[in-house]
Structures are given as structure tokens and as C-alpha cells.
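Got the model loaded and a cursor ready? Here is a walk through it, one selection at a time.

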Amino acid sequence: VDYFDQADIAKIHFSFTRLGDAPAEPPVVVSTTTPTPAPGSDVPGYAWYGQYYNNQGLSGDPLVTRMDENIGFEWDNDAPMKDFPADFFSVHWARQVELYADNYEFCARADDGVQIFVDGTLVLDAWHPSDASQNYCNEVDIPKAGLHIVDVYYYEHGGEALIYVWWDRH
């Protein structure tokens, strides 16, 4: 198992068990704070579909669309990419994920505002200027197991820019 954590907010669980007459190499179970993606849908399951806007209001057509492996960025005073503004921008990410019928804690740390929706329902609201000095978390009951659409909205007001999003099953 290889693991690297640069932001002090991620976690990993690793376990394995030999079952009866199982092969010499036991099955491995790995869980992280971000669930394994679900394949095949209009919203990709293998990565976040990101729409990057050159304004704070997520308005108009996105200047850039791209696939992001995760939502964990520390841009500091730099732009998220070449030929993009370093301040006063916004991003909408969407992803399809497999969730159990259970209680989850959805969290974010952002400089500046962030909102998380699951299947169109607001589950975390920190839509205000912030210096990323605290994590925002909210417990949510997911009543039905299966594929769910997670939307994350973010805006950068000025100065340093940072965003991390994660969730954990309780």
C-alpha cells in the first residue's frame, strides 16, 4: 500500500482477511474518504467533471471544462491553469458516486465559498468568504443505497485560493 497525504485532511483504511480455503493471496479491502466511483452515466464516475468560470457567480459559459481526479487544490495566489484568472473565479464539479444507505459526514475546506449537493439536495453550505482556517462538515443521512450525483460549487474571491472536499461513512 502506498499512501501520501499533503493536506492533513485525508485518511485511509486498509485491511485484509484470509477466508477459509481462500487462495494464498487474501482479498484486500481498501477504503478512503472518497468512495469508489461508479462507471457509466451522464456524469462521470471515475473523476470530477469540472466547469471553470472566469467569474465568481458560475455564470455564462465555462471558460474551461476538464476532468479532475479529486477536489484537492492549493493554488495559493496562482491561477488554476494557464490563461485563467488567479482571482474572482468559480468552479462547478459533478461526479456520480456509489453510496450506501447510511449516515455520512460531508466536509470541505475552502478559501473562499463552497457548497455540496447530493442528488440536488444541499448537504453543506459554506457559501461565504473564508480563509480556509477551518473545516466545514455536516452529517447527512443517505436513505437509499446506489448511485448518487454529487455536485460541488466553489468560488474564489481574491488572494489565496484553496479547496478540499471529502466525505466519510459513519
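Start by selecting L58, in the loop between β3 and β4 (64–68). This is a predicted model, and in it L58 takes a positive phi of about 55° without being a glycine. Is L58 buried or partly exposed? With a relative accessible area of 21%, L58 is partly exposed, because buried would require a value under 20%.

Now jump to D119, in the loop between β8 and β9 (121–126). D119 is not a glycine either, and its phi is positive, at about 50°. Its relative accessible area is 42%, so D119 counts as partly exposed.

While you're there, add T121, which belongs to strand β9. T121 is partly exposed, at 48% relative accessibility. Then pick I149 and draw a C-alpha to C-alpha distance: T121 and I149 lie 10.0 Å apart in space and 28 residues apart in sequence.

Time to zoom out. Switch to a cartoon view and look for helices: there are 0, against 12 strands. Reading along the sequence, you get β-β-β-β-β-β-β-β-β-β-β-β. Colour by accessibility next, and 42% of the 170 residues come up as buried.

**Into the core**

In soluble globular proteins, nonpolar side chains tend to be buried together. To see the case at hand, show W93, F106, V152 and I163 as sticks. Within the largest nonpolar core, which has 32 residues, these four touch the most other members. Which strand gives this core its largest share? Select β6 (residues 89–99): that strand supplies 5 residues.

A second core sits apart from that one and has 5 residues, including C107, A132, Y164 and W166. Give these a contrasting colour before moving on.

Two more stops are worth making among the buried residues. V114 is in strand β8 (residues 113–118), and at 1% relative accessibility V114 is buried. Run a distance from the C-alpha of V114 to that of H92 and you get 9.8 Å, for a pair 22 residues apart in sequence.

Then go to F84, in the loop between β5 (72–76) and β6. Although F84 is in a loop, F84 is buried, with a relative accessible area of 8%. Its C-alpha is 8.1 Å from the C-alpha of L63, and the two are 21 residues apart along the chain.

**Salt bridges**

Side chains of opposite charge can pair when their charged atoms come close. How many salt bridges does a search of the whole structure find? The search finds 2, and you can visit both.

For one, select R66 and D68, whose side chains meet at 2.7 Å, N to O. Compare how the partners are covered: D68 is buried at 5% relative accessibility, whereas R66 is partly exposed at 24%.

For the other, select R169 and D102, which meet at 2.8 Å, N to O. This pair links distant parts of the chain, with R169 in strand β12 and D102 in strand β7 (residues 102–111), 67 residues apart. R169 is partly exposed, at 41% relative accessibility.

**Out on the surface**

Turn the molecular surface on and pick Y46, Y49 and M67. Together they make a nonpolar surface patch of about 320 Å². Focus on Y46, in the loop between β2 (28–32) and β3 (48–53). Why does Y46 count as exposed? Its relative accessible area is 60%, and exposed means over 50%, so Y46 qualifies.

For the last selection, take E74, D76, D78 and E160. These gather in a patch of negative charge on the surface. E160 is found in the loop between β11 (146–156) and β12 (161–169). With a relative accessible area of 46%, E160 is partly exposed.

If you save one scene, try putting both kinds of patch in a single view: the nonpolar one of Y46, Y49 and M67, and the negative one of E74, D76, D78 and E160.

Key
Residues numbered from 1 in each chain as written. Predicted model: local features only at pLDDT ≥ 70, side-chain atom pairs only at ≥ 80, totals over all residues. Heavy atoms only, no water. Core = buried A, V, L, I, M, F, W, Y, C linked by side-chain atoms within 4.5 Å. Buried < 20%, exposed > 50% of the residue type's maximum accessible area, 1.4 Å probe, protein only. Helix = DSSP H or I, 4+ residues; strand = E, 2+ residues; numbered from the N terminus. Patch = residues over 30% accessible without salt bridge, like charges linked within 9 Å, V, L, I, M, F, W, Y side chains within 5 Å. Areas by Shrake-Rupley, 256 points an atom, 1.4 Å probe, with all protein chains shown as cover. Salt bridge = Lys/Arg side-chain N within 4 Å of Asp/Glu carboxyl O. Lys, Arg positive; Asp, Glu negative; His and termini not counted. Charge placed at Lys NZ, Arg CZ, Asp CG, Glu CD.
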